[in-house]
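Hi everyone, thanks for making time today. Please pull up the sequence and the model on your screens, and we'll walk through one part of it together.

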Amino acid sequence: MDRYPPIADHGLVGDLQTVALVSAKGVMDWFAAPRVDAPSIFAALLDHDRGGHFRIGPDNEDVTYRQLYYPDTAVLVTRFMSPEGVGELIDWMPPDTSGTPTDRHTVIRAIRVVRGTVTFTLECRPRFDYGRATHELHLDDRHAAFHAPGIACHLRTTFPVERAGDDVAGTVTLNAGERAGAVLTVCAADGAAPPPAEEGRITEALWDAVNFWQDWVRTANYRGRWPDMVRRSAITLKLLTYHPTGAPIAAATMGLPEQVGGERNWDYRFTWVRDASLSVRALLDLGFTTEARAYTHWLSDRLHERLEMPGERLQIMYRVDGDPELTEEILEHFEGYRGSYPVRAGNAAMDQLQLDIYGEALYALAEGREIGIQAGYRSWQSTARMLDWLADNWDRPDEGIWETRGGRKDFTYSRVMTWVAFDRGIRLAEEFSRPADIVRWRGTRDAILDQIMTRGWSEQEKALVQHYDGDVLDASLLLIPRVGLLAPRDPAWLSTLDAMDRKLVSDSLVYRYDPAASPDGLRGSEGTFSLCTFLHVDALARAGRLRQARYAFEKMLTYANHVGLFAEEIGPSGEQLGNFPQAFTHLSLIMAANTLDDALDAKQGF
């Protein structure tokens with residue numbers, strides 16, 4: 001087993017409450033339970049020796065590996081091809097649609113041989129609590145029970161396994177047409193052991209999962225030019241959404257570096273108001289109204305719970321259940337992916353002031369009008385009180401969308417989104433005849449626009465820039481035509497777009513900003529930001545630059561991994577960097593595809 005496979009060499013499986021990564025060689029090297037933001041059980045991706053893993057695959061040196069998803073599902077198939085035979089490992093988690101949080105989660109790993117003979121090796125080495133907790137092993141032929149404080153893992157297999165210290169290992173040789181399997185169940189320490197693994201039960205669970213995912217994705221109304229990538233992105237967003245509350249997380253992982261060997265290694269397993277709010281538009285574009293509605297209800301609850309509290313009306317991020325506590329710690333004992341230290345759990349950025357989140361929140365609530373999400377009196381009261389508060393607080397320096405740790409500034413994007421907050425608030429109040437101080441809101445909205453166009457404009461660059469005290473460009477402003485601050489072909493916007501093309505675009509890939517020109521308080525550099533690349537496509541299409549937009553979109557799709565997934569960034573050699581897969585990237589892919597489809601259709605065969 002390679003010590004650290006490329007970040008992109010993974011597929012994602014999940015049950016709508018937690019997720020796991022499986023490498024292209026059949027190694028489960030990331031899995032946290034009982035919830036996606038819980039301490040890890042397998043984390044070899046962050047420390048090969050201490051993190052723990054669950055491997056099933058042949059030991060031959062002459063094996064070729066291939067990985068794919070069963071069509072339109074989250075069922076992952078890893079194929080092993082050698083001169084002796086061809087085998088397959090099928091990984092999935094039975095979806096839990098109960099809507100009730102549970103501490104019981106199951107990973108099923110089915111193996112079969114389709115040609116010749118293959119010997120599979122199993123290694124199950126859990127390392128609880130990010131590798132900090134010890135465990136006891138109880139082994140009875142085909143049932144291994146790993147017990148750690150507060151949690152247990154039960155491994156049931158259809159073939160014998162044996163003790164390897166406090167872990168287990170085993171081998172099974174299969175001929176063409178033969179099958180075997182392993183079922184890993186995580187539960188509370190005193191939870192009941194699962195039933196024995198049986199081939200019939202495994203097969204039934206497989207087709208239940210296939211039917212669930214195919215039935216769900218079939219409801220998407222996308223009929224555009226890139227159905228496979230759009231459907232894969234939709235499934236990925238679904239996997240990254242905590243079903244009991246409807247809250248999407250930013251990414252499946254923590255600690256994966258934006259620069260290998262660098263310190264930009266964050267925990268993304270939480271719900272950012274910004275990311276999640278923008279996902280509403282992507283979901284609605286595909287017709288997934290249930291998911292969009294669930295998130296808007298979750299967001300309304302966050303606004304209401306701070307109605308009588310002092311200070312900010314929203315925190316920038318929360319746990320999936322709405323808990324605002326995300327205390328950051330450094331896992332000193334983990335070396336990090338390929339030596340990328342420190343590895344952080346939790347996220348200290350939770351306390352940052354990022355005024356743009358109010359705009360994204362109102363953007364989501366306003367978009368929900370399409371599906372009849374009309375604010376009840378309680379929800380509207382929270383929204384109106386928030387906007388009244390924002391009218392007193394919008395003109396403050398903040399940390400900005402990128403959560404820089406280099407001090408607060410007057411970020412232009414933050415002002416853009418506060419403009420959006422008032423603009424959408426006014427529309428909602430007028431459309432639904434809600435009580436509001438519309439005169440004040442309108443005056444504030446207009447003052448923000450005047451400030452953006454005067455203080456946010458750089459004569460040197462002939463563009464709107466990152467913050468008021470410099471001439472640095474920032475790709476977050478690519479959202480301007482989508483949110484309507486400026487028209488897509490407004491001369492000021494087209495000049496800004498041209499400046500970004502000169503300064504931030506590299507072979508169609510887009511950097512967020514230049515850290516060297518605008519220090520962000522962190523060492524090192526980063527790759528191009530995949531969200532921004534898709535936002536660039538969206539902006540180009542809206543500006544009528546369709547040849548450039550389509551070519552950039554098609555090129556960006558080539559950076560997806562072998563199963564259609566994207567991490568946060570693209571490195572200098574085309575490698576994927578950062579946490580994986582990232583919801584921001586996949587939701588922006590959906591938005592860009594829809595915008596580009598509409599623009600191309602309007603050109604009638606362009």
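Let's begin with a hairpin: strands S7 and S8 form one, with 2 residues between them. Keep in mind as we go that this is a predicted model. S7 covers residues 76-82, and its pairing with S8 is antiparallel, over 7 bridges. If you'd like a spot to zoom in on, find Ser-82, which stands opposite Gly-85 in S8.

Now stay with S8, residues 85-92. How many of its residues are buried? The count is 8 of 8, so to speak of S8 as mostly covered is fair by the definition used here, under 20% relative accessible area. Both faces are covered. On one side you have Gly-85, Gly-87, Leu-89 and Asp-91, and on the other Val-86, Glu-88, Ile-90 and Trp-92.

S8 has another partner too. Strand S9, residues 105-125, runs antiparallel to S8, and 8 bridges join them. Within S9, Arg-112 is the bridge partner of Glu-88.

Hold on to that pair, please, for our last stop: the largest pocket. Glu-88 and Arg-112 are among the residues of the lining that lie nearest its centre, along with Ile-90, Arg-179 and Leu-206. The pocket holds about 360 Å³ of space, and 20 residues line it.

Which elements supply the lining? S8, S9, strand S15 (179-188) and helix H2 (199-217) each give at least two residues. H2 has the largest share, with 6 residues. By class, the lining has 13 nonpolar, 3 polar and 4 charged residues.

Thanks for listening!

Terms used: Residues are numbered from 1 along each chain as its sequence is written. This is a predicted model: local features need pLDDT of at least 70, side-chain atom pairs count only at pLDDT 80 or more; totals for chains, interfaces and linings use all residues. Side-chain values use heavy atoms; hydrogens and water are left out. Buried means under 20% relative accessible area, exposed over 50%, partly exposed in between (1.4 Å probe, protein chains only). Helices (H or I, at least four residues) and strands (E, at least two) are DSSP runs, numbered from the N terminus. Two strands pair if DSSP finds at least two bridges between them. On a 1 Å grid over the protein atoms alone, a cavity is a set of points where a 1.4 Å probe fits but cannot get out, and a pocket is an open set with protein on both sides within 12 Å along at least five of seven lines; lining residues have an atom within 4 Å of a point. Grid points are joined across faces, edges and corners, and a volume is the space filled by probe spheres set on the points. Ala, Val, Leu, Ile, Met, Phe, Trp, Tyr, Cys and Pro count as nonpolar, Asp, Glu, Lys and Arg as charged, and the others, Gly among them, as polar.
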